[in-house]
Amino acid sequence: MNPKNIYGLSFVEMLSALTIISMLSLGATHIQAIVINQRLYDSQSSLHLLIRRARHDALALRTRITLCALSEAGICRQDWSGNISAFTDHNGNRQLDPNELELSRVDMHPSVEVDWKGMKPTSSLHFSPIGVTFVSNGTFTLCIPQQHHAVKLVVNKQNKKYFIAFLSE
């Protein structure tokens with residue numbers, strides 16, 4: 001048998017190939033975790049900016065601003081996932097009437113679930129014309145289902161000041 005006609009891999013070449021494949025698979029798992037965390041922190045940051053913008057608009061326009069997830073009919077809904085809007089709410093009915101303006105909106109990533117736990121009503125967050133929340137203090141929890149990652153955003157009124165704290169689980 002002629003050694004030049006034999007094709008195959010040596011033991012060292014086989015081990016090298018297995019090592020490279022193992023490292024790539026471990027790296028892919030790590031990259032997936034990074035993407036999940038980045039998606040959550042991006043959503044948290046977008047929501048944080050929307051809340052700050054709503055407070056600023058309440059002060060600048062000297063009117064009540066409502067922050068909620070609007071339905072197609074313009075009514076605040078309980079499910080906070082999806083689009084979250086800030087709009088002028090002159091009569092405080094928690095719906096976008098024809099004479100009111102939608103000032104800003106954030107489109108949350110479809111895989112991110114948003115949950116609001118706070119004072120009633122749980123379908124909206126209000127800022128008064130002086131920039132404080134009425135009784136809308138509470139915590140937003142953002143998570144991706146079937147993952148063990150979640151971040152929180154705390155909205156709090158203390159001594160007529162507005163605080164937001166970032167927490168992670």
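This passage walks through a predicted model, from its nonpolar core to its strands, its disulfide and its charged pairs.

A good place to start is the interior. The largest nonpolar core holds 29 residues, and those touching the most other members are Leu-47, Ile-51, Leu-67, Trp-80, Leu-125, Phe-140 and Leu-142. Several elements of the fold each supply at least two residues of this core: helix α1, together with strands β1, β3 (83-88), β5 (113-118), β6 (125-127), β7 (138-143) and β8 (150-158). The largest share comes from α1, which provides 7 residues. Such an arrangement can be read against a familiar background: in soluble globular proteins, nonpolar side chains tend to be buried together. Leu-47 gives a closer view of the packing. Leaving aside neighbours within four places in sequence, Leu-47 is in contact with Ile-84, Met-108, Phe-140, Leu-142 and Leu-153. Two of these partners, Phe-140 and Leu-142, are themselves listed with Leu-47 among the core residues that touch the most other members.

Strand β1 deserves a paragraph of its own. With 6 of its 6 residues buried, β1 is largely enclosed by the rest of the structure. Its pairing partners are β3, β6 and β2. With β3, the pairing is antiparallel and runs over 4 bridges, and here Thr-66 has Phe-87 as its bridge partner. With β6, the pairing is again antiparallel, over 3 bridges, and Leu-67 stands opposite Leu-125. Both Leu-67 and Leu-125 were named above among the core residues touching the most other members. With strand β2 (residues 76-77), β1 pairs in the antiparallel sense over 2 bridges, and Leu-70 finds its bridge partner in Cys-76. These two strands, β1 and β2, form a hairpin with 5 residues between them. Within the turn, Gly-74 has a positive phi of about 85°.

The β1 and β2 region also carries the disulfide, and a search of the whole structure finds 1. The bond joins Cys-68 to Cys-76, with the sulfur atoms 2.1 Å apart. The torsion about this S-S bond is about -75°, so the disulfide is left-handed. Both Cys-68 and Cys-76 are buried. Another cysteine, Cys-143, is partly exposed at 24% relative accessibility.

Just ahead of β1, the loop between α1 (11-61) and β1 (65-70) contains Thr-63. Is this residue buried or exposed? Thr-63 counts as buried because its relative accessibility is 11%, under the 20% cut-off. Beyond its neighbours within four places in sequence, Thr-63 is in contact with Ala-58, Thr-88, His-90, Phe-127, Ser-128 and Pro-129.

Turning to charge, the structure holds 4 salt bridges, and three of them are described here. In general, side chains of opposite charge can pair when their charged atoms come close. The side chains of Asp-57 and Arg-53 meet in one salt bridge, with an N to O distance of 3.4 Å. Both residues lie in helix α1, 4 residues apart, about one turn of the helix. Their surroundings can be compared through accessibility: Asp-57 is buried at 8%, whereas Arg-53 is partly exposed at 42%. A further salt bridge links the side chains of Glu-102 and Arg-105 at 3.0 Å, N to O. Glu-102 is partly exposed, with a relative accessible area of 33%, and Arg-105 is also partly exposed, at 47%. In the pair formed by Lys-117 and Asp-115, the closest N and O atoms are 3.5 Å apart. Here Lys-117 is exposed at 55% relative accessibility, while Asp-115 is partly exposed at 34%.

One last residue of interest is Arg-39, which lies in helix α1. At 27% relative accessibility, Arg-39 counts as partly exposed. Which residues beyond its sequence neighbours is Arg-39 in contact with? Leaving aside those within four places, its contacts are His-109, Ser-111, Val-112 and Ile-144. With His-109, the link includes a polar contact between the two side chains, at 3.3 Å. Ile-144 is 105 residues away from Arg-39 in sequence, yet the two C-alpha atoms are 9.0 Å apart in space.

Terms used. Residues are numbered from 1 along each chain as its sequence is written. This is a predicted model: local features need pLDDT of at least 70, side-chain atom pairs count only at pLDDT 80 or more; totals for chains, interfaces and linings use all residues. Side-chain values use heavy atoms; hydrogens and water are left out. Buried means under 20% relative accessible area, exposed over 50%, partly exposed in between (1.4 Å probe, protein chains only). Contact means heavy atoms within 4.5 Å. A nonpolar core is a set of buried Ala, Val, Leu, Ile, Met, Phe, Trp, Tyr and Cys residues joined through side-chain atoms within 4.5 Å. A disulfide is a pair of cysteine sulfur atoms within 2.5 Å. Two strands pair if DSSP finds at least two bridges between them. A polar contact is a pair of N or O atoms within 3.5 Å; within protein, one must be able to donate a hydrogen and the other to accept it, and residues adjacent in sequence count only if both atoms are side-chain atoms.
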